[in-house]
Amino acid sequence: MAEEGTPTPVEERDDELATEAGEPEGVDQEALERRSAALAEVVKFGDPVLKSTASPVTVFDDELAAEADRMIRLMRDAIGVGLAATQLGTLRRMLVFQVGSEAEPTVLINPEIEWRSEDAATAEEGCLSLPGVIVDVERPLYVRARGVDVHGDPFSLEASGLEARVIQHEVDHLDGVLMIDRTERDQRKGALKALREGGTYAPEGDEEEGEPGEASTEE
Ligand code: ZN
């Protein structure tokens with residue numbers, strides 16, 4: 001399960017949410033190269049931008065649409081399930097996610113989580129900006145979010161399971177909050193040490209716990 005800054009193919013966890021699980025299957029050399037190229041464009045832990053709050057998007061033009069397309073491409077190339085603009089060093093409230101290869105990618109701009117369930121679950125998460133690190137994070141199982149699309153048209157969506165988790169993880173990025181800010185103290189310490197030393201970190205033991213269920217709850 002360990003993963004390094006330098007890709008060690010197949011063994012590597014996906015990042016933007018390890019919850020989604022599993023090593024990329026049947027990933028060929030070309031895909032791995034695309035993945036490294038995409039990861040090279042993602043801002044990593046230590047950059048102050050990751051602790052900053054992003055500003056609402058006010059201009060809906062071709063440039064914004066092109067940026068959304070770029071984010072989707074990078075998310076897919078990186079074999080992630082979500083990406084926030086902050087992770088590309090752009091402080092505007094914009095995120096993309098795609099949970100499951102069958103799903104269409106969604107671009108959510110100026111997102112607001114307007115409802116969270118009381119039911120919560122703990123599962124492992126990874127992050128493209130925190131390579132090599134996996135921590136347990138407890139989050140509500142269901143959310144309803146609203147925002148606008150690239151044209152500025154409002155829409156809302158309900159999500160559960162992994163999809164709900166991804167949306168919350170990405171909205172956190174827009175508020176300068178990282179998954180290590182939401183994990184328990186020991187895990188945060190372990191993760192910070194790994195990030196400082198360029199090592200890896202994962203919670204002890206039970207790495208399967210909660211995950212298959214979590215992954216299969218996505219609709
Ligand atoms: Zn992340």
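**Exercises around Leu-95**

Leu-95 touches Gly-82, Leu-83, Ala-84, Ala-85, Leu-108, Pro-111, Glu-170, Val-171 and Leu-174, leaving aside residues up to four places away in sequence. Keep in mind that this is a predicted model. Let's work outward from this residue.

**Exercise 1.** Decide whether Leu-95 is buried or exposed.

*Solution.* Start by locating the residue: Leu-95 lies in strand β2. Next, take the cut-off: a residue is buried if 20 or more other C-beta atoms lie within 10 Å of its own. Leu-95 has 29 C-beta neighbours inside 10 Å, so Leu-95 counts as buried. Finally, look along the chain: His-173 is 78 residues away from Leu-95, with 9.1 Å between their C-alpha atoms.

**Exercise 2.** Find the residues with the most contacts inside the largest nonpolar core, and say which element gives the most to it.

*Solution.* The largest nonpolar core has 44 residues, and Leu-83, Leu-95 and Ile-167 have the most contacts inside it. Elements that each supply at least two residues include α2 (62-77), β2 (94-97) and β5 (135-140). The top contributor is α3, with six residues.

**Exercise 3.** Work out the strand order of the five-stranded sheet and place α2 against it.

*Solution.* The sheet is open, with antiparallel pairing in the order β1-β2-β3-β6-β7. Its edge strands, β1 and β7 (154-160), each pair on one side only. Further in, five bridges join the antiparallel strands β3 and β6, and Ile-109 stands opposite Val-148 in β6. Now add the helix: α2 packs on the sheet, touching β1, β2 and β3, and its direction makes about 40° with that of β2.

Key: Residues are numbered from 1 along each chain as its sequence is written. This is a predicted model: local features need pLDDT of at least 70, side-chain atom pairs count only at pLDDT 80 or more; totals for chains, interfaces and linings use all residues. A nonpolar core is a set of buried Ala, Val, Leu, Ile, Met, Phe, Trp, Tyr and Cys residues joined through C-beta atoms within 7 Å. A residue is buried if 20 or more other C-beta atoms lie within 10 Å of its own, exposed if 12 or fewer, and partly exposed in between; C-beta atoms are placed from the backbone. Helices (H or I, at least four residues) and strands (E, at least two) are DSSP runs, numbered from the N terminus. Two strands pair if DSSP finds at least two bridges between them. Two residues are in contact if their C-beta atoms, placed from the backbone, lie within 7 Å. Axes are lines fitted to C-alpha atoms, for helices over the stretch in contact, and angles run from 0 to 180 degrees between N-to-C directions.
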